[in-house]
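The following note is offered for discussion alongside the coordinates. It takes up a few local features in turn.

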Amino acid sequence: MTVASRLESLRAHMQSLKLDAIWVPRADEFLGEYVPIHNERLAYLTGFTGSAGVCVVTMDAAILFVDGRYTLQAASQCPEPLFEHQHIIETPPEVLLRDRLSKNQVVGVDARCLSFQSFTRIEQTLGENGISLTAMAENAVDLIWTDRPEASVNSIILLDEAVTGASSIQKRTAMTQSLKEANADAVLLTQLDSIAWALNIRGDDVPHLPVLLAYAIMTREGDFTLFTDTHKLVDGLADHVGPGFSVLPIDQFDAYLKGLSNTCARLLFDPQTCHAHSPLICRDQGIELIAQNDPAEQPKACKNAIEVAGIRRAHVRDGVALCRFLAWLDGEVASGQAHDEGSVSDRLEAFRRELPELKDLSFSTISAAGPNAAMAHYSHTNGVPSPLILNSVYLVDSGGQYLDGTTDVTRTIAIGEPSDRQKEMFTRVLKGHIALSSARFPRGTAGNQLDVLARQFLWEIGKDYDHGTGHGVGCYLSVHEGPQRIGKTPGPTAALRPGMVVSNEPGYYEAGAYGIRCENLLVVVETDTPMLAFEPLTLAPFDRRLILVSLLSETEKQWIDDYHAQVREQIGGKLQGEEKAWLQSMTAPLAA
C-alpha cells in the first residue's frame, strides 16, 4: 500500500466508526523514548521516521505536526499536497482541531498511546468548542497494517545482585514507602525501565533500551504482578525476584484492571508517564486515582555504591573504544582519506562492537559534519551522509549499553585547521563545562539552579544554546532518565542527590556553519564538607587543537590538565602503539 492508500483506508475506518478525525502519535502504548519496529505506527501511516510527531487525519486533510528538529525531514518524507505541515509547538494539534472542527464532532485516539496528562489536556481543549475526544477500542492504524512486523520474543536477562547492588525485594520495599505515604493500596507501573529496575531484569524488546514490554501492579505490601509475553520468561525468575511475585499474559491486563476494585480502593499512578487507557478503566470501576510520580523514579536515579563502581568500569572500556576511534580519525584526516558522517559513525560503532561486554548502543549515534552539527539532534540517516569538511569541526554524540552501565559522550573534533572563531566558541563552551563540573552545592539544590554555570561564558557575548544542559542517565537502562536534569526549567525541579548520574553538555551552534558540544557524564558525590559535588565518569580527551588557552584561567587550565591526566592514567595502559602515542599527545599538559 502507498501512503495515499493507507490514508484512504484509515478514512474508511473513520466513517465506519463515526469519527471526524483520528489522532496518530509517534508514541506507542508504553510511552517510551524508543519505539520497537512493530509499534512504529506513525512511520507506517505517513512515511515520517523522526522520533517525535503527530499526524491528525480528517476526511479531507492529513496534518503532520513536528518540532523544529524535523521540519525539513517532514517536508521531504511527507510532501504536499498529500500532507499539510504544522509546527507542533506553535500550533498544537488540539488547538488546530478545536478551531477547525465543529461542535459535536468526534476525534478518536488510542488512549494507550497518550499519557493520562496529555489525554486530559486534549479533551479539555477540544471541549471548549463542544468537540469530543473518544478512546477507541482498537488502534485504527493496526486495523490497516496488514504486514505488521512481529514483536520480539527474546528471553529476558536476570541481573545478579553483584551488578545491581540490591535485591528486588529491597527495591520494592523502598517503593512501597511512596504508597504508604499516599495511603494508596497499589501502584500502576507502565514505565518499562521502572519495571526492569524493580525486578532486576532486562530485556531486548526496544532498540537501545534493555527492557521488556510489560505492565505491572504492585501493592503497598510489595507484592508484584507482571504482565508480559510469557514466552520471554526464563527458569529461575520467581526465585530471582523473590516472594510476592507473579506473572500473567499481557493480554489479560485489561480484565485484571476491571476486577481490581475488589482489592484496591486507591490506586497511585504517574499521569505524565502512564498512558490514559488503564487509569480510565480503573476510574470507571470506581477506583480513586492518586496522581503522583512513579515510586521507582527516585530510588532508581540514586545509584548505590555497587552500581556506581560498575558505571565507572563501563566508562573505562567505553573510553578505550572512543579513544581508539579518535586516534583512527586523526590518522585518516592526516593521510587525506575521504570519509562521510556515515562511514565514521560505522567505524566508531565497530570499535565499540569489539568490546565483548557491549550489549547495544545507548542511542543512535549523532554524527554531524560542518553545518549539520548546527542541528543539535541531527541524524545522518535521514538523508545522504555529508562528507567531513576540511578545516572545520566534526561533532559525534554516542554511547553504549553494558551490563554494568550506560554511557553517553559528545566530542567535537578538529578536521584540519579550525578557524579562530571556532576555537573561541569551543573554548567558551568548554569553560562552561568546567564550571558546572567543578560546582559545589548544598543538598536540596536542583539542576535548574546550576544551569547558568554552563551558559555564563556564552552569555557574556550574547550567545546561548537552545537545549538543556544535562539529563539523567540510567544504569544499563535509559540513556535519558529522570527526575534529575539540568536546564532552564522554571519552577521547582528534582534536587540532585548522591548517586545520581547526569550529563554535562553545553554547546554552541552557528546555523549553516558548524556546531560544538562538550559532554561528559557526572555522578553526584558527597564531600568532606556539607556540600555535594560532581565527579566525571566519562574518560576521553577534549581536542586540545580547539582550545584557545589565552581564554582560560589558571584554575581552568589546571582542571583540563588534571582531567586529561585521569584519562591518560585509566585509558593509556589499555592502548598500544600509535593509539597510545595519540593519547599521550592529546592529554599532554596545556603548557607542553
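1. Is Leu-31 buried, partly exposed or exposed? With a relative accessible area of 24%, Leu-31 is partly exposed, because the buried class ends under 20%. The model is a predicted one, and the points below should be read accordingly. Leu-31 sits in the loop that runs between strand E1 (21-25) and helix H2 (41-46). Its backbone deserves a check, since phi of Leu-31 is positive, at about 55 degrees, although the residue is not a glycine.

2. A second residue belongs under this heading. His-208, also not a glycine, has a positive phi near 70 degrees. His-208 is found in the loop between strand E9 (201-202) and strand E10 (214-219). Its relative accessible area of 13% makes His-208 buried. As background, most residues other than glycine have a negative phi, and most peptide bonds are trans.

3. Two cis peptide bonds merit mention. One runs from Glu-80 to Pro-81, with omega near 5 degrees; Pro-81 belongs to the loop between H3 and strand E4 (84-87). Another joins Gly-482 and Pro-483, where omega is about 5 degrees. Pro-483 is placed in strand E23, which covers residues 481-486.

4. Turning to the pockets, the second largest has a volume of about 820 Å³. Its lining comprises 29 residues, and those nearest the centre are Gly-68, Arg-69, Tyr-70, Met-375 and Ala-376. Helix H3 (residues 71-77) supplies the largest share of this lining, with five residues. By class, the lining of the second largest pocket contains 14 polar, eleven nonpolar and four charged residues.

5. The count of salt bridges is 39. In one of them, Arg-455 and Asp-464 meet through their side chains at 2.8 Å, N to O. Arg-455 is buried, at 1% relative accessibility, whereas Asp-464 is partly exposed, with a relative accessible area of 28%. Arg-353 also forms a salt bridge, with Asp-360, and the closest N and O atoms there are 3.8 Å apart. This pair falls within the rule because the cut-off is 4 Å. Arg-353 counts as partly exposed at 42% relative accessibility, and Asp-360 counts as partly exposed at 21%.

6. Some salt bridges are joined together. Glu-29, Arg-41, Asp-142 and Arg-148 are linked in a network. Within that group, Arg-148 bridges to Asp-142, with 3.4 Å between the closest N and O atoms. Arg-148 is partly exposed, at 28% relative accessibility, and Asp-142 is likewise partly exposed, at 25%.

7. How many disulfides are there? The count is zero. For Cys-113, the closest cysteine sulfur is that of Cys-274, and at 12 Å it is too far for a bond. Cys-282 has its closest cysteine sulfur in Cys-264, at 7.2 Å, so this pair is also too far apart for a bond. Cys-113 is buried at 3% relative accessibility, and Cys-282 is buried with a relative accessible area of 0%.

8. A final point concerns Thr-587, which lies in the segment after helix H19 (577-586). The side chain of Thr-587 reaches back to the backbone oxygen of Leu-583, at 2.7 Å. Thr-587 counts as buried, at 1% relative accessibility.

Notes
Residues are numbered from 1 along each chain as its sequence is written. This is a predicted model: local features need pLDDT of at least 70, side-chain atom pairs count only at pLDDT 80 or more; totals for chains, interfaces and linings use all residues. Side-chain values use heavy atoms; hydrogens and water are left out. On a 1 Å grid over the protein atoms alone, a cavity is a set of points where a 1.4 Å probe fits but cannot get out, and a pocket is an open set with protein on both sides within 12 Å along at least five of seven lines; lining residues have an atom within 4 Å of a point. Grid points are joined across faces, edges and corners, and a volume is the space filled by probe spheres set on the points. Helices (H or I, at least four residues) and strands (E, at least two) are DSSP runs, numbered from the N terminus. Ala, Val, Leu, Ile, Met, Phe, Trp, Tyr, Cys and Pro count as nonpolar, Asp, Glu, Lys and Arg as charged, and the others, Gly among them, as polar. Buried means under 20% relative accessible area, exposed over 50%, partly exposed in between (1.4 Å probe, protein chains only). A disulfide is a pair of cysteine sulfur atoms within 2.5 Å. A polar contact is a pair of N or O atoms within 3.5 Å; within protein, one must be able to donate a hydrogen and the other to accept it, and residues adjacent in sequence count only if both atoms are side-chain atoms.
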